[in-house]
Amino acid sequence: MTSPIPGLITWPVLTGLTLVLAGRWWLLRDNNVDRLINRALAAGLCEHLLREAWFQQSLTWLLPGHDSDVVNIARQLSLGATVFAISNIYGIAELWAGADPARTWRRQWRYYLVAITATAVILIAGTRARRADQLIDQALGWPAVVVWVAFSLPLGATALLLGRVSMREMRAAGATTWQERALYAAVLGTTMGLGIVAVIYPLETAISVMTGQPSFDPEMHWKAWSGFLLSAVGAPAVVTVPLISTLLTHTGWDRTGRYCRRLRPMWTDLTAAVPEIVLEIRHDHNRRTDPAIRLHRMTVEIRDSLLHLKRYSHNPDNLTTTEGDPHTYARRIAEAIATKTAGHPPNASRLTPRHQIHPGARDLTAELRQLLALAKAWPHVRSPTKSP
């Protein structure tokens with residue numbers, strides 16, 4: 001079928017789909033699930049291109065044969081592209097269900113073989129419609145029933161597996177973050193749509209053939225809209241959520257990255273004053289440091305530097321205790337840095353073993369909150385710590 005979707009809708013959606021695919025190829029391609037998702041998106045993009053009139057017209061200029069034959073083959077191949085996209089989604093659902101990741105691609109080639117077989121059946125059964133220069137539902141007849149059965153079986157199998165696994169996951173652990181809630185909502189919506197399509201497409205065609213009535217929608221506008229909503233809106237919504245989260249992490253705008261940026265000015269000054277507490281970390285120039293690891297490192301180094309600077313403080317209070325006024329403690333820390341920088345010896349009487357500083361289990365969340373409060377106050381007192 002040639003897409004009846006207006007260009008004002010199609011172009012923004014296809015542009016967004018292309019950007020999502022490009023973003024995922026850039027950021028999310030390290031594991032089997034990500035690669036399967038990217039392949040499903042690529043197949044979905046091909047599906048929509050094969051239905052666009054301008055693309056079909058371009059194929060008639062590039063390929064030999066009668067124009068109508070080229071256009072009709074492109075229309076029917078778009079159904080095969082949908083099945084290929086679904087085969088990748090089925091592979092993802094299998095992994096989600098607990099299948100062995102080491103055998104992912106061995107299984108996937110079997111799913112691709114099913115997709116190739118279904119596409120071949122669609123093309124063979126669609127020969128009558130192509131010769132008549134008609135859409136499948138215009139030609140109708142039992143070949144049309146075969147086309148929609150071959151098309152719908154992979155969709156139905158995927159909807160059943162995906163629905164069962166997603167319901168199991170939702171019962172096992174409630175979604176607590178907005179990413180999880182959005183992901184589950186998109187998965188369930190797409191699964192329900194796949195199930196409805198898998199049932200209605202062949203059933204509607206079979207009823208028309210058996211009753212001798214014309215197709216309910218011979219121009220296949222309803223099928224075009226439902227397919228467009230599922231593969232260009234519903235399915236990308238599932239994969240856009242993790243892409244947004246990864247993109248935020250990559251650019252440092254996730255919550256952990258924001259914490260690191262807020263701590264960095266104070267961390268820079270403290271580690272410059274007490275460089276001996278800086279942890280050695282093996283750098284991998286091909287991969288970015290995980291924000292959670294970076295935040296943990298900064299927190300540890302800040303606390304260790306405060307422990308060292310306590311010996312240079314003229315105040316008997318512990319610098320690592322920040323339950324009080326953050327501005328007061330920030331000034332005391334700046335004074336301790338200035339004392340150490342001036343070359344004054346440490347006060348041995350204030351050297352306290354580390355295990356006495358942090359008795360018992362530490363509340364890491366409360367500790368991070370206290371350090372963030374210190375970091376907020378730090379710009380107001382940091383200038384005395386700078387060299388002239």
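Which residues are linked in a network of salt bridges? They are Asp-137, Glu-204 and Lys-223, where a salt bridge is a side-chain nitrogen of Lys or Arg within 4 Å of a carboxyl oxygen of Asp or Glu. Let us walk towards that network through the rest of the structure.

A word on the ground rules comes before the tour. This is a predicted model, in which local features need pLDDT of at least 70 and side-chain atom pairs count only at pLDDT 80 or more, while totals for chains, interfaces and linings use all residues. Residues are numbered from 1 along each chain as its sequence is written, and side-chain values use heavy atoms, with hydrogens and water left out.

The protein chain has 15 helices and 0 strands; helices (H or I, at least four residues) and strands (E, at least two) are DSSP runs, numbered from the N terminus. Of its 388 residues, 46% count as buried. Here buried means under 20% relative accessible area, exposed over 50%, and partly exposed in between, with a 1.4 Å probe and protein chains only. Among contacts (heavy atoms within 4.5 Å) between residues at least 6 apart in sequence, 76% join residues at least 24 apart.

Helix 2 is a good place to step inside. Leu-36 is found in this helix, and at 0% relative accessibility Leu-36 counts as buried. Leaving aside residues up to four places away in sequence, Leu-36 touches Asn-88, Gly-91, Ile-92, Leu-95, Thr-104, Trp-105, Gln-108 and Tyr-112. One of these partners, Asn-88, is 52 residues from Leu-36 along the chain, yet their C-alpha atoms are separated by 5.4 Å.

Further along helix 2, the side chains of Arg-51 and Glu-47 meet in a salt bridge, with 3.3 Å from N to O. These two residues are 4 apart in the helix, which means that about one helical turn separates them. Both Arg-51 and Glu-47 are buried.

Arg-51 also appears in the lining of the second largest cavity, together with Ser-3, Pro-4, Ile-5, His-48, Glu-52, Ala-224 and Phe-228. On a 1 Å grid over the protein atoms alone, a cavity is a set of points where a 1.4 Å probe fits but cannot get out, and lining residues have an atom within 4 Å of a point. A search of the whole structure finds 3 cavities of 30 Å³ or more, and about 50 Å³ of space lies in the second largest. For these volumes, grid points are joined across faces, edges and corners, and the volume is the space filled by probe spheres set on the points. Helix 2 (32-51) and helix 10 (221-251) each supply at least two residues of the lining. The lining divides into 4 nonpolar, 2 polar and 2 charged residues; Ala, Val, Leu, Ile, Met, Phe, Trp, Tyr, Cys and Pro count as nonpolar, Asp, Glu, Lys and Arg as charged, and the others, Gly among them, as polar.

Next comes helix 3 (residues 53-62), where Gln-56, Leu-59 and Thr-60 are buried. Seen down the helix axis, the buried residues of helix 3 fall within an arc of 100°, so they line one face; the arc is that of the directions from the helix axis to the C-beta atoms. What covers these buried residues includes helix 2 and helix 4 (67-97). The face turned away from the buried side of helix 3 carries the exposed residues Trp-61 and Leu-62.

Now back to the opening network. Side chains of opposite charge can pair when their charged atoms come close. In the salt bridge between Lys-223 and Asp-137, the closest N and O atoms are 2.8 Å apart. This pair links distant parts of the chain, with Lys-223 in helix 10 and Asp-137 in helix 7 (residues 136-139), 86 residues apart. Lys-223 is buried, with a relative accessible area of 3%, and Asp-137 is buried too, at 2%. The structure's salt bridges come to 5 by this rule.

Two loops complete the tour. Most residues other than glycine have a negative phi. Met-220, in the loop between helix 9 (178-211) and helix 10, has a positive phi near 60°, and Met-220 is buried, with a relative accessible area of 2%. Asp-133, in the loop between helix 6 (127-131) and helix 7, has a positive phi of about 55°. Asp-133 is partly exposed, with a relative accessible area of 45%.

Methods: On a 1 Å grid over the protein atoms alone, a cavity is a set of points where a 1.4 Å probe fits but cannot get out, and a pocket is an open set with protein on both sides within 12 Å along at least five of seven lines; lining residues have an atom within 4 Å of a point.
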